[in-house]
Amino acid sequence: MSSSPSLNTWSDALSGFSIGWFPLGLVIVAVIPLVFIALYALTYGVYGERKISAFMQDRLGPMEVGFWGILQTLADILKLLQKEDIVPTAADKFLFVIGPGILFVGSFLAFAVLPFGPAFIGADLNVGLFYAVGIVAIEVVGILAAGWGSNNKWALYGAVRSVAQIVSYEIPASIALLCAAMLAGTLSMQQITVMQTGPGGFMHWFLFNNPIAWLPFLIYFISSLAETNRAPFDIPEAESELVAGYFTEYSGMKFAVIFLAEYGSMFMVSAVLAVAFLGGWASPLPNIGGLHLNDMTSGPAWGAFWIIMKGFFFIFVQMWLRWTLPRLRVDQLMYLCWKVLTPFALIAFVLTAVWEIYR
Amino acid sequence: MQELGKAESNSTRIIRQDDKRVIIEKDLDTEYMVLSMGPQHPSTHGVLRLECITDGEVVVEAEPYLGYLHRCFEKYCENVDYPAIVPYTDRMDYLAGMNSELAYCITVEKLLDIEIPRRVEFIRVIVSELNRIASHLVAIGTYAIDLGAFTPFLFCFRDREHIMSLLEWISGARMLYNYIWIGGLAYDVPADFKKRVAEFIAYFKPKVVELYKLLTENEIFVKRTYDIGIMPADVAINYGWSGPMLRGSGVKWDLRRNDPYSIYPELDFDVPVPDGKFSVVGDCLSRHLVRALEIDESLKIISQCLDKMPEEPNFNSRAVIPKRIRPKAGEVYGRAENPRGELGYYIVSDGKSTKPVRCKARSSCFVNLSAMKDLSKGQLIPDLVAIIGSIDIVLGEVDR
Amino acid sequence: MEEAANQMSPAVRESKTAYDNIKERFGEAISEFDANPTMPFFEVLDASRWVDIALYMRDNSLLQFNYMACLSGVDYPDEGKVGIVCNLENIGKYTHKLAVKVKCQRDGGSIPSVSCVWHTANWHEREAYDMYGMVFEGHPDLRRILCPEDWTGFPLRKDYQVQETYHGIKVPY
Amino acid sequence: MSEYFSNIKTGATTIATGMGITLKHFFNAIKRKGDTGIDDADYFRQVDGLCTLQYPKEAIPTPPHGRYRLYVNIDDCIGCCQCERACPVECITIETIKTTADDLAVCGKTSGGQQKRMWVPVFDIDTAKCMTCGICQSVCPTDCIYHTPVADFSEFNVKNMLYHFGNLSKIEAEAKKKKLAEQQAQAAKEKAAAGAAGAPAAKPAPKPAPKPAPQQKEGEA
């Protein structure tokens, strides 16, 4: 009872701390996401996926570098850094080089509007959600550049598939997010989160606040898998069909950048999902009587903790799905998008509108 | 409406409508792309090369190219003694070495006309059925990988590992056994072998059910394989298909039943063929189902063999092996049901030398694969991968 | 002759019955029946009629050899010939099996292709051509199948000498 | 339309079943399979959970008659060269020198009590070529060549894969060869002399017949 509020106070104090005019505390809070991204990509993203997949498959996974192989990713990155940077002779060099860059930038630009806590958001745009959806779609350009620039037939197939897939799945994904925006009445990510905070903890989240929200929630989750090329929608990189899809020709650091971008956008869509339906940085714990759990676990540092945890949870689900399911075929993918997800998204849209009117 | 033909390029089609008016339809000017799939490709199961002519993602024609793993098996056979061929047969179909050895040994025994002790026959059937399970596990597992599911593959390999251990225990090697010899076996089985195999069956049965739930019943898997690569029964026979491929087309043809060898006539087992309820007869799913069901049948056979196997203390498994194998002049075509189909050996002996004059291996994969060109017409690339996977080729046996 | 027929195992007797049917139709074009117990066979003496015989064997309602189990090339250096051995049988109706031999001259000889009769023969004939060098007339796609296309010689002939180098690579190991 | 919904339903349920299975395995990862071998009675009681082993540290034991690295107990070898002839990949090279009569005692007997009549200065096995088929083992009359269960014997230099089992050093071998040659020459001379004296000329043996050996024994002694 006594320690938790002090942590909360500490959290508040941290964000309020400043040396003269310089808000050092806020800067520290602002650094959290950047440090986090690096740490996340290194540990949870790559190492976590390898370990999770290993455990699901009755394997041990990486064990050699560090305790239980925890430093494996670092070793891999060192290896990738040392590798010769190869650009195929027949490749379109400009596109080949710029492709991974666009991918990387596209996946990390969206972090700008991600509210990492009540105190920190890179840019609280009033069209934040719209921006996030739009900027993630820039990846298509990067993938197309990488696939075309490689001058490889497999890469071209991967790129073509990817473009068709991502552009198609933008539609149900956007409509599903629109439902959340309608529930919140705003497009600002921070405002959407604020709408879902309250003393009731998770009771205020759209998902538990509102039975209809489950539908857009699921639709967005499925679409987000497709948008980040995760299984069972990993047809652009389908390793058993297209060798490695659009990044067949990449090696060394360019490959690492593509990889990092993939994990970046994985977290991105998970965080957007958390913001839109699960209250972003809002603490899930409710105030029960005299026990002010919610108040205790709120604040800038706690906020960052909660949104990261929520994001991680969805990444875990993404990995879990990936290591369970076979891959869809191109036409089945389109079937799912246009004949299942899009109609249901539209239905969800109408239902949400009705809910909003008659609530 | 009737398509009269293609003119100039494939983009222009001349179509005659009902009123005899001829119209020329012009599409976007596209070209076919030649896509070389393999020999280094994740889903060609080794070093098969397919030269695909593709129209977008649609395969217009796929021509297989073989020979990247050609190791002159037949030339070798003409230069080594009969017993020394056995280790080479292992290396042909390296996933089912016991079955390859069995096929070769019964062929030579047919030529030698010798009687094999019953216990040897039982052990032979047990090990070759164990190996059949192992081989089908690889087939199912790699098929899952082809379709993008990685976990079932590793589950399959985990269980296959136990079979490998069992076979290593009796033969001394994990994959290339040289265990079944002409006229006998290299060793008798260890004392606890029967018990351990029984334990394996008890362990393995729930794992198969789990595998079915994880893979075979999965809707995505079913959708990926249902109605893909259909081969009608008569065409399959004409192509010389055999084994699970032929049974997948609905022909109840199993050499263990139809041309029985060893002690199979005494054993009670079914020959699974698809009934068309869960799959279209002859499609990839049927072939997968046949393999999955055959695992159950093999388990049945093994448990029967364990019950019926005669116990003979101080059994000498090499008792009837001829000192010098020199068959009388003649020729023989002998065969056995391999996990992949009919594995036949055509052996010619001149009666003078201890080396065969001609030893041809009729490999099942080689024949099954020859239908690839027909099967692949008009399929999508992901379906092409599904079809190759369902043929379950082992390039060691295709190229020999 | 009677005695010989009585000594035959049931399987060989079945083959003999099938053979008699073919003999009746083709007479001199095929040789006598070789009733060995391991692989009963007959030889096609007039190779030019091989496709007719094959078609008859496949389509005759009493024969229906619809399944070609194996087609192997064989070298007969003593006779100066190379040939093929086809193991045929029926799937579904009958249990009879029969092997057929067709031979041709070692140098420049040719055998009619039966790949139009049994699709199995397509690749098997390519293999036989690859290894023994007999030409299959009417084969849709007669190329080498296991050896590289520019390989010289036919490896399974008894008098085969391996080439010294192949594209600058030393061949004999 | 009902098919449409039933499709979605089967899809969802089968995916959920699959995910249940993988999650079960995920939580089962706290357990690990042991590394007892197949000949142990507990083998199938320890198979739950993670099943991979960290190879160089842990390994599945190879069974007692595992067919891996070849070993030659050269003390038992009688130099019959049967393994060399039987080997399908020709990975065994043997050179033998006939033992001179006075050396028979030095040469010794096999563990089976058979008198050895050959020095084996060279008994090389190229384990890099060996395909562990076990044919040499099966033809050996004294069971002196056999596969051991040592499965991991990798080397950085392929030349180290050539195992030497010969029981004579090069110098010793030279000496023995010389000795044999001398004796043979002497035997041939004697024989020639004997032949010239008595019986119609025996072949001036370039290759010594096995018979003269005992005669020599007397001469030498």
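Mentor: Quick ground rule before we start: two strands count as paired if DSSP finds at least two bridges between them. Keep in mind, too, that this is a predicted model.

Trainee: Okay, chain B. How do you know that S9(B) and strand S10 (residues 341-349) of chain B pair?

Mentor: Set the count against the cut-off. Nine bridges join S9(B) to S10(B), and at least two are needed, so they pair. The two strands run antiparallel, and one residue facing across is Arg335(B), which stands opposite Gly344(B). With two residues between them, S9(B) and S10(B) form a hairpin.

Trainee: What makes S9(B) "mostly covered"?

Mentor: Strand S9 spans residues 330-338 of chain B, and eight of its nine residues are buried. For each of those, 20 or more other C-beta atoms lie within 10 Å of its own.

Trainee: And Asp392(B), buried or exposed, and why?

Mentor: Asp392(B) has 28 C-beta neighbours inside 10 Å; the threshold is 20 or more, so Asp392(B) counts as buried. This residue sits in a loop, between helix H14 (381-391) and helix H15 (395-399) of chain B.

Trainee: What does Asp392(B) contact, leaving aside its neighbours within four places in sequence?

Mentor: Ala139(B) and Arg340(B). Separately, Arg287(B) is 105 residues away from Asp392(B) in sequence, yet their C-alpha atoms are 9.6 Å apart.

Trainee: Over to chain A. Why do H4(A) and H6(A) get the label they do, parallel or antiparallel?

Mentor: Helix H4 (residues 93-109) and helix H6 (residues 139-149) of chain A pack at an angle of about 160°, their axes 7 Å apart. Anything over 145 degrees counts as roughly antiparallel, so H4(A) is roughly antiparallel to H6(A). The crossing is left-handed.

Trainee: Which residues make that contact?

Mentor: On the H4(A) side, they include Leu95(A), Phe96(A), Ile98(A) and Leu103(A); H6(A) supplies, among them, Val141(A), Ile143(A), Ala145(A) and Trp148(A). By class there are eleven nonpolar, five polar and one charged.

Trainee: What makes Gly99(A) polar in that tally?

Mentor: Just the bookkeeping: Gly is put among the polar residues, so Gly99(A) of H4(A) goes there.

Trainee: How many residues meet where chain C touches chain B?

Mentor: Chain C brings 24 residues and chain B brings 30. On the chain C side, strand S2 (67-76), strand S3 (81-89) and helix H4 (120-132) each supply at least two. S2(C) gives the most, with six residues. That side of chain C has 16 nonpolar, eight polar and no charged residues.

Trainee: Last one, chain D. What makes S2(D) and S5(D) edge strands?

Mentor: Three strands form an open sheet in the order S2-S3-S5, with antiparallel pairing. Strand S2 (92-98) and strand S5 (162-164) each pair on one side only. From one strand to the next the twist averages 15°.

Trainee: How do you know that S3(D) and S5(D) pair?

Mentor: Strand S3 (residues 118-126) of chain D shares three bridges with S5(D), and at least two are enough, so they pair. One bridge partner is easy to spot: Leu162(D) in S5(D) for Asp126(D).

Trainee: What does the rest of chain D look like in order?

Mentor: Chain D has six helices and five strands, running α-β-α-β-α-β-α-β-β-α-α from the N terminus. Of its 221 residues, 22% count as buried. Among contacts in chain D with a separation of 6 or more, 67% link residues 24 or more positions apart.

Conventions
Residues are numbered from 1 along each chain as its sequence is written. Chains are lettered from A and ligands numbered from 1 in the order in which they are written. This is a predicted model: local features need pLDDT of at least 70, side-chain atom pairs count only at pLDDT 80 or more; totals for chains, interfaces and linings use all residues. Helices (H or I, at least four residues) and strands (E, at least two) are DSSP runs, numbered from the N terminus. Axes are lines fitted to C-alpha atoms, for helices over the stretch in contact, and angles run from 0 to 180 degrees between N-to-C directions. Angles under 35 degrees count as roughly parallel, over 145 as roughly antiparallel, 65 to 115 as roughly perpendicular and the rest as oblique. A crossing is left-handed if the near helix is turned anticlockwise from the far one by less than a right angle, and right-handed if clockwise. Two residues are in contact if their C-beta atoms, placed from the backbone, lie within 7 Å. A residue is buried if 20 or more other C-beta atoms lie within 10 Å of its own, exposed if 12 or fewer, and partly exposed in between; C-beta atoms are placed from the backbone.
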